[in-house]
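Grab your viewer and work through these exercises one at a time. Try each task on your own before you read the solution.

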Amino acid sequence: MAPHRVKQQESANILSLDNWEDSFLSALKIEDSFDPKEVLKGKRILILTDLFPPHFAPRIVSIVRYFVKWGASCNVFTEDIKRVRDKAHGRIFEQIEDPCPVCRIPLRKHYNKIESLKQILWQVKDSLFAQKIDRLTRVSEYDLILAFTFSQFPLKAALLLAQKYHKPLIVDCRDIYEQYNAYAFLAGLPERVSPLWHLPLQLLLKHLVHSRNKILRKAQAITTVSPWHQHILSKGVQGATPHVYCLFNGYEETLFVPTQETNDHFKIVFTGRLLSLGMRNPHLLFDALASTELQELVSAQKLGIYWYVDDHSKQLLRHLLASYPESVQRLQHFCPMVPFEQVPKVLSESSLILLLNNREESNGPHGIVSTKIFEAMAMQKPILSIPGDGAISDAILQRANVGTSCSSSDEVMQFLKACYRSWQKNGYTCTENADRAYVQHFTRQNIACAFARLTEKVWRASCSTPSRIEQTKPK
């Protein structure tokens, strides 16, 4: 079944799809003469990151691995997080070995709301983090500082050290406050917030965005994960020096290697988490399976949906399924989340990979292009994305010709039947007409190589001109 055409969004907050691809691909274009080994060999790089394995950090650990492989001397400093939240990824990255020296520093004592509020308002962890790093390593001996964040920590700590020792700073923002719908930018809030809290939360969001942008304006370069994020951050630092680059999350090509395995059941597979049904909701799939048109397929007992999710996601799905007939509920199989290295095997055994997205609307969510889409494309399995985001994710699926995004249960039914027929014929499914060359643009090695080129550019600029990082402390 051919992927659906992507409809342009009318909202001014949605980035036009006309030129994002050229911008991204130009960032990946590496001159034939460019060798990351020559660029990074002997470079000392100080890396500050909010998360690192065993916590969820595939983008970060991948870049660090390649930098070390190419000869850089990297030291990673991160928070030592003692408590794993119920809604987190748990320990699926626990078996990943540190690719370089990693120092995990305790920064919290109680993990309570007061500590969280202090960090939100005044970034108290950052000051302590910077002080401890300054005692543990000779910051003056590094060539460059990299900071990775999904919100704001540890940006202030990185800037404090960069200012003190006049080091160039590159910041990677893989998530930003503005991407979420309503007030979901603040973890722990219920999906529906009392109107009494609307104004305080709006003021808090404004404060967080302002304090983040104030730091970003003093960096030498900024990277992020989608064209929409690039657009928003570029506006936030407008008038300042740093340029914002889009480098998608991509996939680990050494792990996600396609294999075609026959299976006596048609398996629809989802791996990941559902933070809320407002952000990810599979009701279109359930609606299709509950329809009379698919009753023959469902009653054949050859189809199953396999959810590799955490307990929180399982609870959300069970609550949603309670309103569907028993025939749909019987199709569901809940499995524990598997270690990261085992995800490719799970996907290779699937007949259809399920991605849950959300439509881009003026009030959010925005620009979310999950790592899951690239990993799924790499496995050469049909992809069902529901609902389509009507933006970048849909455009990538369409360009790669690897699946479809659906905005109605009828569309889901048609795609399911097409994939099911293919499975009945061959015993497996495969995206035979996919654009493999396009998919390979998104390998983590390509992303890391582009990051290395940016690192060289920033480092050379810092050597040829006086550092423009101010010596005054960020407030």
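**Exercise 1.** Does Gln380 count as buried or exposed? Then set Gln380 beside Gln301.

*Solution.* This is a predicted model, so start with the computed accessibility. Step one: the relative accessibility of Gln380 is 17%. Step two: buried means under 20%, so Gln380 counts as buried. Step three: find its place, which is the loop between H14 and S12. Step four: check the backbone, where phi of Gln380 is near 60°, a positive value in a residue other than glycine.

Now for Gln301. Its phi is also near 60°, and Gln301 sits in the loop between helix H10 (295-299) and strand S9 (303-309). The cut-off for exposed is over 50%, and Gln301 has a relative accessible area of 62%, so it is exposed. Why flag these phi values at all? Most residues other than glycine have a negative phi.

**Exercise 2.** Find the partner that shares a side-chain polar contact with Asn75, and describe the surroundings of Asn75.

*Solution.* Begin with the element: Asn75 belongs to strand S2 (residues 73-79). Next comes accessibility, and with a relative accessible area of 17% Asn75 is buried. Then list the contacts, leaving aside neighbours within four places in sequence: Arg44, Ile45, Leu46, Ile47, Pro101, Thr137 and Tyr142. Finally, look for the polar contact: the side chains of Asn75 and Tyr142 are joined by one of 3.0 Å.

**Exercise 3.** Locate the cis peptide bonds that precede Pro154 and Pro387.

*Solution.* Take Pro154 to begin with. The bond from Phe153 to Pro154 is cis, with omega near 5°, and Pro154 lies in the loop between strand S4 (144-149) and helix H6 (155-165). Move on to Pro387: Ile386 is joined to Pro387 by a cis bond with omega about -25°. Pro387 lies in the loop between strand S12 (383-386) and helix H15 (392-400).

**Exercise 4.** Which residues line the largest cavity, and how do they divide by type?

*Solution.* The structure holds four cavities of 30 Å³ or more, and the largest has about 80 Å³ of space. Its lining consists of Phe270, Arg280, Leu355, Leu356, Asn357, Ser370, Lys372, Ile373 and Ser393. The elements that give two or more residues to this lining are strand S11 (352-356) and helix H14 (371-378). Sort the lining by type and you get four nonpolar, three polar and two charged residues.

**Exercise 5.** Where does pLDDT stay under 50?

*Solution.* Start with the whole chain: the mean pLDDT is 87, and 88% of residues reach 70 or more. Then scan along the sequence, and residues 1-17 turn up as the stretch under 50.

Note on methods. Residues are numbered from 1 along each chain as its sequence is written. Side-chain values use heavy atoms; hydrogens and water are left out. On a 1 Å grid over the protein atoms alone, a cavity is a set of points where a 1.4 Å probe fits but cannot get out, and a pocket is an open set with protein on both sides within 12 Å along at least five of seven lines; lining residues have an atom within 4 Å of a point. Grid points are joined across faces, edges and corners, and a volume is the space filled by probe spheres set on the points. Helices (H or I, at least four residues) and strands (E, at least two) are DSSP runs, numbered from the N terminus. Ala, Val, Leu, Ile, Met, Phe, Trp, Tyr, Cys and Pro count as nonpolar, Asp, Glu, Lys and Arg as charged, and the others, Gly among them, as polar. pLDDT is the predictor's confidence in each residue, from 0 to 100. Contact means heavy atoms within 4.5 Å. Buried means under 20% relative accessible area, exposed over 50%, partly exposed in between (1.4 Å probe, protein chains only). A polar contact is a pair of N or O atoms within 3.5 Å; within protein, one must be able to donate a hydrogen and the other to accept it, and residues adjacent in sequence count only if both atoms are side-chain atoms.
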